[in-house]
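Me: I am new to this structure and would be grateful for a close look at a single part of it. Please take me through that part step by step, in connected prose.

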Amino acid sequence: MNEKRRQLQQLQMMMSEFERMTKDLESQIVVEEKKSGISDPNHFAYPTFAKAARQRADNLQVSIKELKMQEETLELALEEMQAEYARATALEERDTSARARA
């Protein structure tokens, strides 16, 4: 169970870092567009750096979505493990109290 929690924390840290990186890239894109006076990515003179940064930001968003799916899967697995642990604990307590009465 601790391993699943650790994995969950790592995923959450990665998503947070990717979101921060995306915001940084978006800020850099705005600066580049202002410098060039061109904000249309389809314009022939659109800044190369802005185009590359936009692609990187898009890729990060895809990665964040994939990590969110992994996060949901891990959360479900963790919930199942916790429920199984609770059932096992309840059974053990029941058996212990039954032995004590016997």
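**A partly exposed methionine and the helices around it**

Reply: M81 is partly exposed, with a relative accessible area of 31%. The model in which this residue is seen is a predicted one. M81 belongs to helix α2, which covers residues 48–101. On the surface, M81 joins M1 and Y85 in a nonpolar patch, and the three residues together have about 280 Å² of accessible area. A residue must have over 30% relative accessible area to enter such a patch, and M81 has 31%.

From this surface patch one may turn to the interior. In soluble globular proteins, nonpolar side chains tend to be buried together. The largest nonpolar core of this model has 16 residues. Within that core, the residues with the most contacts are F18, L25, I29, Y46 and L67. Helices α1 and α2 each supply at least two residues of the core, and the largest share, 8 residues, comes from α2. L67, one of the core residues with the most contacts, also has partners farther along the sequence. When neighbours within four places in sequence are left aside, L67 is in contact with L11, M14, M15 and F18. F18 is thus named twice, as a contact of L67 and among the core residues with the most contacts.

T22 offers another view of the interior. This residue lies in helix α1, which covers residues 2–36. T22 counts as buried because its relative accessibility is 3%, and the cut-off for buried is under 20%. Apart from neighbours within four places in sequence, the contacts of T22 are A57, L60, Q61 and I64.

Helix α1 also carries charged side chains that pair with one another. A search of the whole structure finds 7 salt bridges, and several of them can be followed here. R20 forms one with E17, where the closest N and O atoms are 2.5 Å apart. These two residues are separated by about one helical turn, because they stand 3 residues apart in helix α1. R20 meets D24 in a further salt bridge, at 2.6 Å from N to O. R20 and D24 are 4 residues apart in helix α1, again about one turn of the helix.

The three partners can be compared with the limits for exposure, which place partly exposed residues between 20% and 50% relative accessible area. R20 has 41% and is therefore partly exposed. E17, with 33%, is partly exposed as well, and D24 counts as partly exposed at 35%.

A further pair in helix α1 is formed by E32 and K35, whose side chains meet in a salt bridge of 3.1 Å, N to O. E32 and K35 are 3 residues apart, about one turn of the helix. K35 is exposed, because its relative accessible area is 63% and the cut-off for exposed is over 50%. Returning to the earlier group, E17, R20 and D24 are joined into one network by salt bridges that share partners.

A record adds one annotation to this picture. In an unreviewed entry, UniProt lists residues 1–94 as a "coiled-coil region". In the model, that span is 87% helix and 0% strand, and its end C-alpha atoms lie 23 Å apart.

Conventions: Residues are numbered from 1 along each chain as its sequence is written. This is a predicted model: local features need pLDDT of at least 70, side-chain atom pairs count only at pLDDT 80 or more; totals for chains, interfaces and linings use all residues. Side-chain values use heavy atoms; hydrogens and water are left out. UniProt positions are given in the numbering used here, feature names are shortened, and annotations may be inferred rather than shown by experiment. Buried means under 20% relative accessible area, exposed over 50%, partly exposed in between (1.4 Å probe, protein chains only). Contact means heavy atoms within 4.5 Å. A salt bridge is a side-chain nitrogen of Lys or Arg within 4 Å of a carboxyl oxygen of Asp or Glu. Patches are made of residues with over 30% relative accessible area and no salt bridge: like charges are joined within 9 Å, nonpolar side chains (Val, Leu, Ile, Met, Phe, Trp, Tyr) within 5 Å. Accessible areas come from the Shrake-Rupley method with a 1.4 Å probe; for residues, only the protein chains shown count as cover. A nonpolar core is a set of buried Ala, Val, Leu, Ile, Met, Phe, Trp, Tyr and Cys residues joined through side-chain atoms within 4.5 Å.
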